[in-house]
Amino acid sequence: MINQLYDTSMSLLTDLYQLTMAYGYWKSGKAEQEAVFNLYFRKHPFQGGFTVACGLSSVIEYLQEYRFSDEDLAYIGSLAGSDGNKLFDEGFLDYLRKMELQCSIDAIPEGTIVFPNEPLLRIQGPILQCQLLETPLLNLINFQSLVATKAARMRLIAKDDALLEFGLRRAQGPDGGVTASRAAYIGGFDATSNVLAGKLHDIPVKGTHAHSWVMSFDNELEAFETYAKHMPNNVTLLVDTYDSLNGVRHAVEVGKQLRAHGHDLAGIRLDSGDLAYLSIEARKILDEAGFEKTNIVASNDLDEYIMDSLKIQGAKINVWGVGTKLVTAYDQPALGGVFKLAAIRGESGEWDYKLKLSEQAIKVSTPGIQQVRRFRDASGFVSDMIFNTETPLIGKATMVDPYDFTKNRSFDESVHHEDLLVPVFAQGRLVYKLPSVHDTRKRLQEQLAHFYKGIKRFVNPHTYPVGLEKDLFELKTNLIFKLRAGNEA
């Protein structure tokens, strides 16, 4: 089944209701009506103060191959409704067969720090096509942004220590494993144990041996010696199979043998027990034996909170192997991104702005063809303003907090700024040059360096100012009043 999954058209990677809505648009003559949708999220994951945009590379790859194959259409044509009759007409299937993607997509580049309610992607084109893209785009962006954010939080704790991603065996399937490895690398990890991810995404790979290697020999020293003999340029020894500190002493013996043959002991790994105490004692043993440069690697269900605690305790760990809690985003396994209609082109050619109401303020969507402008001063990034591209920003622009209209700030056009959404597809044609995964990783670290440190703390992080441009805020407010009045009538 795995080979079949990755050797087929991926256009059916969607929810059935996207197809039923597409059918409804086609039947009612609305299929080609121009529309704009925004993909965004409402809350930062992990109760944090920032999120990392990730997954655009997968979006581009997906859309470049977007098509409905004959096999796809045969399956869709076989679907039946509650009365046992076919759900879809043959004419609709033929429409899908001939359909070529005509959507224009603007996106915030991967590795950019983003905030709630900012569109990560803006999709504009025939409403039928936009609708069909909702589920796959959310699938591709949500998970990768989540893992990249988790990884970035761990990089903040690790500082200059090495971070290794060891999560494949606990990941949510092969695709979850590979995409998590890439997202973790973008987020700041240095390497992965996932060989397929290394091949596909040009990520450095690292790995040594498991407990089974040690257990397969009569004793630990023999296991270490045999491993070092056959792989002298990759010797990091797992020392906790029986007794961790004795394991370190055995590793030192093997390290001396390696040096006699022109090699060195790269590291020892601790995978259980009191990692703070054991790493401190292991460092003493290694240093006394002259192995001051030998790394101490720690693993065992680590996350940013445990890493922080170990550092506070004075642990002598300088390489961190993180698996389960990274690749599964263990404490919050979903980002919660959404995809909302923001405008439809009316018969007169003017935009008809759309908004979703809710009793919860956080769930009220924002209308308009949105762009995000990020302002900065000498100290770094200071505010993000969401504005409607149909209302040009001339002179001083005022930003309003959408949840507290008494809070606002103004920016003169001379203030340094950057518009975050950039063209990726123009009417179905790719116009964006995707940076390498290494450049994307570098972009994230540069981004984090320009934000106030308060957004990076884990407890009660600072809220970075994000607001709506005044005209957009008024458009949204007026539309809310209009819709509420209309639905009460």
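**Exercise 1. Identify which residue of strand 10 stands opposite L270, and place the pair in its sheet.**

Step 1. L270 faces A298 of strand 10. Helices (H or I, at least four residues) and strands (E, at least two) are DSSP runs, numbered from the N terminus.

Step 2. Strand 9 (residues 267-270) and strand 10 (residues 295-298) run parallel and are joined by four bridges. Two strands count as paired if DSSP finds at least two bridges between them.

Step 3. An open sheet of six strands has the order 7-6-11-10-9-8, with parallel pairing. At its edges are strand 7 (191-192) and strand 8 (236-238), each of which pairs on one side only.

The model is predicted: local features need pLDDT of at least 70, side-chain atom pairs count only at pLDDT 80 or more, and totals for chains, interfaces and linings use all residues. Residues are numbered from 1 along each chain as its sequence is written, and side-chain values use heavy atoms, with hydrogens and water left out.

**Exercise 2. Describe how helix 11 and helix 12 cross, and list the residues of the contact.**

Step 1. The axes of helix 11 (residues 244-260) and helix 12 (residues 275-288) come within 10 Å and cross at roughly 25°. Axes are lines fitted to C-alpha atoms, for helices over the stretch in contact, and angles run from 0 to 180 degrees between N-to-C directions.

Step 2. Helix 11 is therefore roughly parallel to helix 12; angles under 35 degrees count as roughly parallel.

Step 3. The crossing of helix 11 and helix 12 is right-handed (the near helix is turned clockwise from the far one by less than a right angle).

Step 4. Helix 11 contributes S244, L245, V248, R249 and V252, and helix 12 contributes Y277, L278, E281, A282, I285 and L286. Contact means heavy atoms within 4.5 Å.

Step 5. By class, the contact residues of helix 11 and helix 12 are eight nonpolar, one polar and two charged. Ala, Val, Leu, Ile, Met, Phe, Trp, Tyr, Cys and Pro count as nonpolar, Asp, Glu, Lys and Arg as charged, and the others, Gly among them, as polar.

**Exercise 3. Trace strand 19 through its sheet, and find the helices that pack on the sheet.**

Step 1. Seven strands form an open sheet in the order 13-12-1-5-3-19-20, and the pairing is antiparallel. Strand 13 (351-353) and strand 20 are at the edges with a single partner strand each, so one side of each has no neighbour in the sheet.

Step 2. Helix 3 (residues 56-64) packs on this sheet and touches strand 3, strand 5 (121-126), strand 19 and strand 20; its direction makes about 15° with that of strand 19. Helix 6 (residues 127-158) also packs on the sheet, touching strand 1 (34-41), strand 3, strand 5 and strand 12 (337-345), and its direction makes about 155° with that of strand 5.

Step 3. Three bridges link strand 3 (residues 104-107) to strand 19 (residues 422-426), and the two run antiparallel. In this pairing A107 is opposite V422.

Step 4. Strand 19 is also joined to strand 20 (residues 429-430), antiparallel, by two bridges. Here F425 is opposite L430. The hairpin of strand 19 and strand 20 has two residues between the strands, and Q427 takes a positive phi near 50°.

Methods
Angles under 35 degrees count as roughly parallel, over 145 as roughly antiparallel, 65 to 115 as roughly perpendicular and the rest as oblique.
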